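Subject: Handover of a structural model

Dear colleague,

Please find below the sequence and structure that I am passing on to you. A summary of what was found follows directly after them.

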Amino acid sequence: MKKLTVLVSLALVTLTGCGDDLVDRAFDIQTDTLDYICGCSVENGQSADRASCERDNPDFAPLTGAARDCYERVLEGTPSADVAAIECTFDATEAQLSCVRALGCMASAVDAEACSDQFEGAVDACPQISELTEAMFATCVEDDGRPMM
């Protein structure tokens, strides 16, 4: 589950594409991931309740305010090749989330690793986004690596 957290965070930080649609898609992925993580965390007794799980997973706080505005501004001028790269990464992220959800909250390490391997293979097959687009999105991130709020 830790690997999923890191990979989804990376996908969210490198948003590119079609304005509101991709920002909305990123938000949906982020929300679905937090739902899975916190559902399992509470079910497995790692968190007392949903609120404490959310506090323990700040990387999945909803994109709001300045971060959302910044991402949308950057998306307005993003080249189509970069849009395709991010859409590919989002497809891989959604497939990984589906894979781990299908395993349930008590997945074996072998099964969880199979989902991670599938994700990594899918991401490796995606085109890379340009350095310029990455640099533009980096302006939307605070010094601590979190999206601006």
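The analysis finds 1 aromatic pair. Its partners are Tyr-71 and Phe-137, whose rings adopt a tilted arrangement, with 5.7 Å from centre to centre and 40° between the planes. Because Tyr-71 belongs to helix α4 (residues 65-75) and Phe-137 to helix α7 (residues 131-138), this contact ties together parts that lie 66 residues apart in sequence. Tyr-71 has a relative accessible area of 0% and is therefore buried. Phe-137 counts as buried as well, at 1% relative accessibility. Please bear in mind throughout that this is a predicted model.

Overall fold

The protein chain contains 7 helices and 0 strands. Its pattern along the sequence accordingly reads α-α-α-α-α-α-α. Of its 149 residues, 42% count as buried. Among contacts with a separation of 6 or more, 78% are between residues 24 or more positions apart. The chain exposes about 7700 Å², and carbon and sulfur atoms supply 54% of that area.

Nonpolar cores

The largest nonpolar core comprises 11 residues, among them Leu-34, Tyr-36, Ile-37, Phe-60, Leu-97 and Val-100. Several cysteines also belong to this core, namely Cys-38, Cys-40, Cys-53, Cys-99 and Cys-115. Helices α2 (20-43) and α5 (80-103) each supply at least two of its residues. The greatest contribution comes from α2, which gives 5 residues. There is also a second, separate core of 10 residues, including Tyr-71, Leu-75, Cys-140 and Val-141. Tyr-71 thus appears both in this second core and in the aromatic pair with Phe-137.

Salt bridges

How many salt bridges does the structure hold? The count is 6. In one of these, the side chains of Asp-91 and Arg-25 meet at 2.4 Å, N to O. This pair links distant parts of the chain, since Asp-91 is in helix α5 and Arg-25 in helix α2, 66 residues apart.

Is Arg-25 buried or exposed? With a relative accessible area of 18%, Arg-25 is buried, because the cut-off for that class is under 20%. Asp-91, by contrast, counts as partly exposed at 44% relative accessibility.

Arg-25 also forms a salt bridge with Glu-94, at 2.7 Å, N to O. Here too, distant parts of the chain are linked: Glu-94 is in helix α5 and Arg-25 in helix α2, 69 residues apart. Glu-94 counts as partly exposed, at 32% relative accessibility.

A further salt bridge joins Arg-50 and Asp-35, whose closest N and O atoms are 2.7 Å apart. Arg-50 lies in helix α3 (residues 50-56) and Asp-35 in helix α2, so this pair ties together parts that are 15 residues apart in sequence. Arg-50 is partly exposed, with a relative accessible area of 32%, and Asp-35 counts as partly exposed at 33% relative accessibility. In addition, Asp-24, Arg-68 and Glu-72 are joined into one network by salt bridges that share partners.

Helix α2 therefore recurs in this account: it gives the most residues to the largest core, it holds Arg-25, the partner of Asp-91, and it holds Asp-35, the partner of Arg-50.

With kind regards

Conventions. Residues numbered from 1 in each chain as written. Predicted model: local features only at pLDDT ≥ 70, side-chain atom pairs only at ≥ 80, totals over all residues. Heavy atoms only, no water. Phe/Tyr/Trp six-rings, centres within 6.5 Å; stacked < 30°, edge-to-face > 60°. Helix = DSSP H or I, 4+ residues; strand = E, 2+ residues; numbered from the N terminus. Buried < 20%, exposed > 50% of the residue type's maximum accessible area, 1.4 Å probe, protein only. Core = buried A, V, L, I, M, F, W, Y, C linked by side-chain atoms within 4.5 Å. Contact = heavy atoms within 4.5 Å. Areas by Shrake-Rupley, 256 points an atom, 1.4 Å probe, with all protein chains shown as cover. Salt bridge = Lys/Arg side-chain N within 4 Å of Asp/Glu carboxyl O.
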